[in-house]
Each structure stands twice: as C-alpha cells, then as structure tokens.
Amino acid sequence: MPENYVIIIPQFNDWEALNLLIQKINADLNTPILQNTTLLIVDDCSSRARTAPFATFGGKELKVLRLYRNLGHQKAIAIGLSYAAENMKADKVIVMDADGEDAPGDINRLAERSAEEPDKIIFAERNKRTEGFLFRFFYVIYKYVFKLLTGKVITFGNFSLVPQSRLQNLVRVSEIWNNYPGGVIKSRIPYDSVLTNRAKRLAGESKMNFVSLVLHGLSAISVMVDTTAVRILIFSIFMSAVAIGFIFFILFLKLIGNATPGWASTLGSTLMILMLQSFLISLFLVFMVLQYRSQQHFIPAVHYRDFVEKVESFS
C-alpha cells in the first residue's frame, strides 16, 4: 500500500510565501507522494491575518494548527510533530520551512534515502547556501563553536523526514522544544542526511538576522549543555595547569633576581585569582547541570495541547 505523508510547515506572518510553497509542492512532488500527503500548517500565532485563500493542494487535506501565543520556530515544530504523532495517520513526516528555502523537490530525495534507511530520520544537509556573505561567515563560526563546545558536528537544519517508527520516540525528547536538530543529536535517535542546495525565499524578507542567529546557536548548544559544561570544566583545568606553570616560572625568575620588584607578585596573584575564578565557575556550572538532569522535563507529546488554540481543516 502507498505510504501516507504529513508535511509540517511552521509559519509566522508568511502567508504569501506559504501559498507559493504549496503551489511548488503541487508541481515538484512525485505523484505517488503527492496523492497521499496531508499538509499541517502550524500557525505560530501570526499577527497578520491571512488575506487570500489557500492555494489548491493536490493531496488529501490541509490542516491549520493555530497556537495561543507566538513560541518561535523550534517550539512550533515540536508542537506540530506531537499533534501529528497523536492525531494523524502518517508513515512519514516531513518538516520544512514556509519560506520556500527548503525546496519541495528535495522531499523526493529524502523519501528515496528513507527507503534505503527506513529506521532513520533523514535530514537535508546544506551543500550550498544562498544567504549573504556575512550570514554565511557567522554560520560557519557557529558550526565550529558548536563542535568545540559539544564535540558534535551539525551540518543540517530543520528540513527532514521522520519515519513513523521514530516519531513516537522523537516527540518524547524534551530537547526538541529548544532545538529540533540538536534534540535529535542529543537523543541518539539514528539519523542520516542527503546533500541539498538551499533554494531562495519565495516572498517577503527573512526574519533571521544576527541576533536570531546567535539565539539559534545558543539554543542548539544549550541542548548539549551537560557535555558543554564538562568540556568547559576540562578546559578550565587545563588553563589552570598552564597558569600554575607560569606562576612557577615567575617564582623562578624572582629567585634568580631577574624579576622587576612588585611585578612578580602582582602577576602571580592575578593569575591565581583568574585560575580560581574560572575553575569555580566551571564547577558550579557542572553541578547546575547535574541538578537539572534530576528534574522532570517538558515533554512535547504530553504538554503540547496547552498551546493549541484550534485546528482548522481545508480541502
């Protein structure tokens, strides 16, 4: 029997781009997939009302899940996944953005890889990006900082395919509430990726600016905060060892009479204070993380209903 697909599209005030995206899905999606696809639009409490009717969708149904308040892209994805897991018959769930930068034609490639790896989440790995130089520059910095602090490599975003066998696991991963791809990495759910080129926005202007990029990067790193805390502690211990080495070297210079009066004691005490501060802050961070791990976490599959105002269906 043909597989049922659900495409989850979170959006905030992107109605025009969303309509153009629906038309591209109609045009670019393989017929067997299109005929068995339901669209689930997660309206993240848009401040602008929809002024035009939805474009005709060639699949079975279009649903709009409206939230009580604006929660942000990542939380909207988590709510959409949780709603689909509980209320919709889906063999495969696609997560993609509403702006058109996730090319609908790449869904066919995700489905092909999923047929080869049926028990894995398949991500679209970016081979080429279309943003400006400054954005791409800071995005590269973000990826290197993420690897440095977490020991993991992140080369993909939200655009992905989730098989039914992993959907129920995924919506019980509390970390996807903060960052969807980071939560998948943290959960150790098996995943794979296919190379894709990022398309151009269909309409409107991107809401991702420098501040948004920083917040996005911090949310991804926060998902791996336990690993990050330990790595910072290890780095702090290493730097403390270097500081102690410098202190002994300063004492050696003072003993042989090559140190300027007052210089050795000032520098030595400064290094000692900095060493103790960095070590204690790192140790405090580790204990905060350990305490956090003992607390009950937010589970999207359980708590998502608190944010859903209504669900509307369009044919």
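This is a short dialogue on reading one residue, the nonpolar cores and an annotated span in a predicted model.

User: Where does Asp102 lie, and is Asp102 buried or exposed?

Analyst: A residue is placed by the elements on either side of it in the chain, and Asp102 sits in the loop that runs between β4 (92-95) and α4 (105-116). Burial is judged with a cut-off of under 20% relative accessible area, and Asp102, with a relative accessible area of 1%, is therefore buried.

User: Which residues is Asp102 in contact with, once its neighbours within four places in sequence are left aside?

Analyst: Those contacts are Leu21, Met96, Asp97, Arg126, Phe159 and Arg198. For Asp97 there is also a polar detail, in that a polar atom of the Asp102 side chain lies 2.8 Å from the backbone nitrogen of Asp97.

User: Which residues touch the most other members of the largest nonpolar core?

Analyst: That core has 46 residues, and the ones touching the most other members are Ile79, Leu81, Leu170 and Tyr180. Helix α3 (residues 73-87) contributes the most to this core, giving 8 residues. A second core, separate from it, has 29 residues, among them Leu29, Phe57, Met96 and Ala111. To return to Leu170, its contacts, not counting residues up to four places away in sequence, are Leu81, Ile121, Val162, Ile176, Tyr180, Val184 and Ile189.

User: Which residues does the "transmembrane region" annotation cover?

Analyst: An annotation is best set beside the modelled coordinates. The unreviewed UniProt entry assigns this label to residues 232-256 and 268-290. In the model, residues 232-256 are 96% helix and 0% strand, and the end C-alpha atoms of that span lie 36 Å apart.

Definitions and conventions:
Residues are numbered from 1 along each chain as its sequence is written. This is a predicted model: local features need pLDDT of at least 70, side-chain atom pairs count only at pLDDT 80 or more; totals for chains, interfaces and linings use all residues. Side-chain values use heavy atoms; hydrogens and water are left out. Helices (H or I, at least four residues) and strands (E, at least two) are DSSP runs, numbered from the N terminus. Buried means under 20% relative accessible area, exposed over 50%, partly exposed in between (1.4 Å probe, protein chains only). A polar contact is a pair of N or O atoms within 3.5 Å; within protein, one must be able to donate a hydrogen and the other to accept it, and residues adjacent in sequence count only if both atoms are side-chain atoms. Contact means heavy atoms within 4.5 Å. A nonpolar core is a set of buried Ala, Val, Leu, Ile, Met, Phe, Trp, Tyr and Cys residues joined through side-chain atoms within 4.5 Å. UniProt positions are given in the numbering used here, feature names are shortened, and annotations may be inferred rather than shown by experiment.
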